[in-house]
Amino acid sequence: LAAVLFELRGGPSWRWMIAAGLFAGLCGDILLLDLKRFFIPGLMSFLLGNLSYAAAFISGGDFFQPAVLLLVLPCGVWFSSLRRRIGDEKRRKVLPALFVYLAVLIVMCGGALSFDIVRGGIPFFTLGAVLFMMSDSMLAWNVFVRRTPVRDVLVSVTYYTAQASIAAGAAAAFPPIDAMK
């Protein structure tokens, strides 16, 4: 986060949105250290982070790339599969919120893909967004369907690699401010 903030001096506004997403993720990590007291605020923090990323990617690219449509079908199949496997009525009540969260992830992934297509180069943002989708999917599957023995390791690796990839994308998108003078 500090490295991205250092690179932001005078940079485009979408890079500040990336920094806001990184900060929201950090806040979510801290809040979820106490699940009993701060579970909902932690989830809201992650949602705000994903919304910040989505806004950054959309403002920096052309969201209506045909490739974005490739994201909708697999996500719809995954959500449908998850919905069918949830038997507990209490857990079924969260499906609308889960659907909204998934929609935000789809928009974030689509925006990242569009941004990377327009910009070219190494697709750091797409990689980060897809890794977020994987991380959150593993969490949802673990909570709503079946516990996985190595979930914590898999979720941590995909989540922190996603954050690092998005930060690297923000830092690499433009040359440092000093190099542009």
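**Exercise 1. The nonpolar core**

Identify the residues with the most contacts inside the largest nonpolar core of this predicted model, and determine which helix gives the most to this core.

*Solution.* The largest nonpolar core comprises 34 residues, and those with the most contacts inside it are Ile18, Tyr53, Phe57, Met108 and Phe125. The next step is to assign the core to helices: at least two core residues come from each of helix 2 (13–31), helix 3 (35–60), helix 4 (69–85), helix 6 (95–119), helix 7 (124–144) and helix 8 (151–172). Of these, helix 6 gives the most, with nine residues. As background, nonpolar side chains in soluble globular proteins tend to be buried together.

**Exercise 2. The surroundings of Phe125**

State which residues Phe125 is in contact with, once its neighbours within four places in sequence are left aside.

*Solution.* With those neighbours excluded, Phe125 is in contact with Trp14, Ile18, Phe57, Ala112, Phe115, Asp116, Arg119, Ile166, Gly169 and Ala170. Two of these partners, Ile18 and Phe57, are themselves listed with Phe125 among the residues with the most contacts inside the core. Two further partners of Phe125, Asp116 and Arg119, meet each other through their side chains in a salt bridge, which is taken up in the next exercise.

**Exercise 3. The salt bridges**

Establish how many salt bridges the structure holds, and decide for each participating residue whether it is buried, partly exposed or exposed.

*Solution.* The structure holds two salt bridges. In one of them, Asp34 pairs with Arg37, with the closest N and O atoms 3.5 Å apart. Asp34 counts as partly exposed because its relative accessibility is 27%, whereas Arg37, with a relative accessible area of 61%, is exposed.

In the other, the side chains of Arg119 and Asp116 meet at 3.2 Å, N to O. These residues are separated by about one helical turn, because they are three residues apart in helix 6. Arg119 is partly exposed at 26% relative accessibility, while Asp116, at a relative accessible area of 6%, is buried.

**Exercise 4. An acidic residue in helix 7**

Explain why Asp136 counts as buried, and list the residues that Asp136 touches.

*Solution.* Asp136 lies in helix 7. Its relative accessibility is 16%, and the cut-off for a buried residue is under 20%, so Asp136 counts as buried. When residues up to four places away in sequence are not counted, Asp136 touches Asn50, Tyr101 and Leu105.

**Exercise 5. The surface and the fold**

Describe the nonpolar surface patch that includes Leu35, and then characterise the chain by its helices, its burial and its contacts.

*Solution.* The patch of about 470 Å² is made by Leu35, Phe39, Ile40, Leu43 and Met44, and Leu35 has its place in helix 3. For the chain as a whole, the accessible surface comes to about 10,000 Å², with 72% of that belonging to carbon and sulfur atoms. Buried residues make up 40% of the 181 residues. The chain has eight helices and zero strands. Among contacts with a separation of 6 or more, 71% join residues 24 or more positions apart.

**Exercise 6. Confidence**

Determine over which residues pLDDT stays under 50, and how this bears on reading the model.

*Solution.* The chain averages a pLDDT of 79, and 80% of the residues score at least 70. Over residues 176–181, however, pLDDT stays under 50, and for this stretch the model has seven contacts beyond four places in sequence. Where pLDDT is low, the predicted coordinates should not be read in detail.

Technical notes
Residues are numbered from 1 along each chain as its sequence is written. Side-chain values use heavy atoms; hydrogens and water are left out. A nonpolar core is a set of buried Ala, Val, Leu, Ile, Met, Phe, Trp, Tyr and Cys residues joined through side-chain atoms within 4.5 Å. Buried means under 20% relative accessible area, exposed over 50%, partly exposed in between (1.4 Å probe, protein chains only). Helices (H or I, at least four residues) and strands (E, at least two) are DSSP runs, numbered from the N terminus. Contact means heavy atoms within 4.5 Å. pLDDT is the predictor's confidence in each residue, from 0 to 100. Patches are made of residues with over 30% relative accessible area and no salt bridge: like charges are joined within 9 Å, nonpolar side chains (Val, Leu, Ile, Met, Phe, Trp, Tyr) within 5 Å. Accessible areas come from the Shrake-Rupley method with a 1.4 Å probe; for residues, only the protein chains shown count as cover. A salt bridge is a side-chain nitrogen of Lys or Arg within 4 Å of a carboxyl oxygen of Asp or Glu.
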